[in-house]
Amino acid sequence: MNIGFIGCGIISMAHLEGLEELKRANLKTFDLTAVCDLNEKRANAFAANAEERLGKRPKVYTDYKKMIAEEPLDAASVLLDHDLHHIVAEDCFAAGIHVQMQKPLAISPFYGRKILADAKKYDRILTVSEPSVLGAENIAMARAIKDGIIGPVHLLMDYATVTLNRAFFAGTAWRHFKGRAGAGWINDHGVHRTQMFTEVNGPIREVFAYTEIFEKELTDGKTTIRPTGEDTSVTVFRFDNGGLGHWMCSTAAHGESAGGVWIYGSNGCFRPGKHIALGNGQIIPIADVIKQYAPEAAAHPFAHSYVELWEAITDRKTPISSGERGFEALCIVFAALESALIGQPVKVREVMDGVRHSYEDTVVNEMIPDRR
Ligand SMILES: NC(=O)c1ccc[n+]([C@@H]2O[C@H](COP(=O)([O-])OP(=O)(O)OC[C@H]3O[C@@H](n4cnc5c(N)ncnc54)[C@H](O)[C@@H]3O)[C@@H](O)[C@H]2O)c1
């Protein structure tokens, strides 16, 4: 099957590596036949890199509508700013093209619901390339926890702070405006985490949060902006199964960053990326967990995302990282944002159903009008 990439920015390289891993392993994989970016130089450089890694130069476009009209594509990977996801997804579905969307599924829950509805309307496959639940290591973690390796999960803690020194995250100014990115880092980074939380321990029922914009100005030395997306959030939540969570993230840390996830069950602690520490003193390395629980899965999360997309198209297999799961992850983030705005705990279900949307309204107000 043929695939086109729409957007050749930062993350597109990791996707190229994913396709390369599948090719190297001699697995069925998409032919990258076309790429598109508004920035022609970037698109050409990306196409040259693709030729080196995959052996074939994809055709270059600067207008994605032209690309999807002219190219015989089976699927497209949408690698664009969050406020474009719902627009480009609909154009692809309407052209008969299946879509792999980047996280977050959409800029806000309203647009997430729209993407899910459009996939149904045009009967096309939608997957979300969410690396926190894909790839052998993450698959093994979720399976091991569901298998009871640490016992029922009582508490999950997730801390992530980065030291931007008042510059732009990933060099991109758009990420700091809620009208372009839905919120601050709590959305961009947050959906990785909320999808992982629910993958390992089921739905989250209720969230309470405080959020803040501590850094009023950011600059890359050429442009100075006044961010409207939160740079810091502190959140507590409760899972449906009674487990509790504490999750915080900040791009306004200085001097030293922090990062780590601890998943505590009644018999031990799972440290993603590290090991399992059991109450009896036994340490199980992640490599052993992978060997036992996910020996068949592709190691690279983005390679896995293309396996999921392929199998969803050919066998109608339900992907682990489905549009619906991406929507739920987005709604947990928006429950936190809603809570911080109204000063009360918020039920995730109410955000999913569109009953609570005060925070989301502030996002829509700030969006570029022709992207609403
Ligand atoms: N680990 C991950 O899963 C991960 C990491 C980074 C980014 N992402 C996601 O990938 C998406 C893109 O992020 P990024 O960091 O690559 O951003 P980026 O700004 O580096 O890249 C976006 C690219 O899209 C191009 N573009 C913008 N509008 C376009 C249009 N109308 N037509 C064609 N090209 C257009 C830009 O020129 C740019 O090259 C975001 O949704 C982000 O959340 C996911």
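**View 1. Polar contacts link domain 1 and domain 2.** In this predicted model, 13 residue pairs are in polar contact between domain 1 and domain 2, with both partners at pLDDT 80 or more. On the side of domain 1 that touches domain 2, the elements giving two or more residues are α4 (85-94) and α5 (109-121). Of these, α5 gives the most, with six residues. Sorted by class, that side of domain 1 has 13 nonpolar, five polar and six charged residues.

**View 2. Salt bridges cross from one domain to the other.** Four salt bridges turn up across the interface of domain 1 and domain 2. Zoom in on D81 and R180 to see a salt bridge whose closest N and O atoms are 2.6 Å apart.

**View 3. Here's how the two domains are laid out.** The domain assignment splits the chain into domain 1 (2-130 + 306-321) and domain 2 (136-298 + 324-371). Their contact takes 24 residues from domain 1 and 34 residues from domain 2. Measuring over C-alpha atoms, the centres of the two domains come out 24 Å apart.

**View 4. Domain 1 and domain 2 bury area between them.** Together they bury about 2,400 Å², and 61% of that is on carbon and sulfur atoms. Look for I107, P109 and I320: they supply 22% of the area that domain 1 buries against domain 2, more than any other three residues.

**View 5. N165 sits in a loop.** You'll find N165 between β7 (153-161) and α7 (178-181). N165 counts as exposed because its relative accessibility is 55%. S305 is 140 residues from N165 along the chain, and 33 Å separate their C-alpha atoms.

Terms used. Residues are numbered from 1 along each chain as its sequence is written. This is a predicted model: local features need pLDDT of at least 70, side-chain atom pairs count only at pLDDT 80 or more; totals for chains, interfaces and linings use all residues. Side-chain values use heavy atoms; hydrogens and water are left out. Helices (H or I, at least four residues) and strands (E, at least two) are DSSP runs, numbered from the N terminus. Buried means under 20% relative accessible area, exposed over 50%, partly exposed in between (1.4 Å probe, protein chains only). Domain bounds come from an automatic or database domain assignment. Contact means heavy atoms within 4.5 Å. Buried area is the accessible area (1.4 Å probe) that two parts lose on being put together, summed over both. A salt bridge is a side-chain nitrogen of Lys or Arg within 4 Å of a carboxyl oxygen of Asp or Glu. A polar contact is a pair of N or O atoms within 3.5 Å; within protein, one must be able to donate a hydrogen and the other to accept it, and residues adjacent in sequence count only if both atoms are side-chain atoms. Ala, Val, Leu, Ile, Met, Phe, Trp, Tyr, Cys and Pro count as nonpolar, Asp, Glu, Lys and Arg as charged, and the others, Gly among them, as polar.
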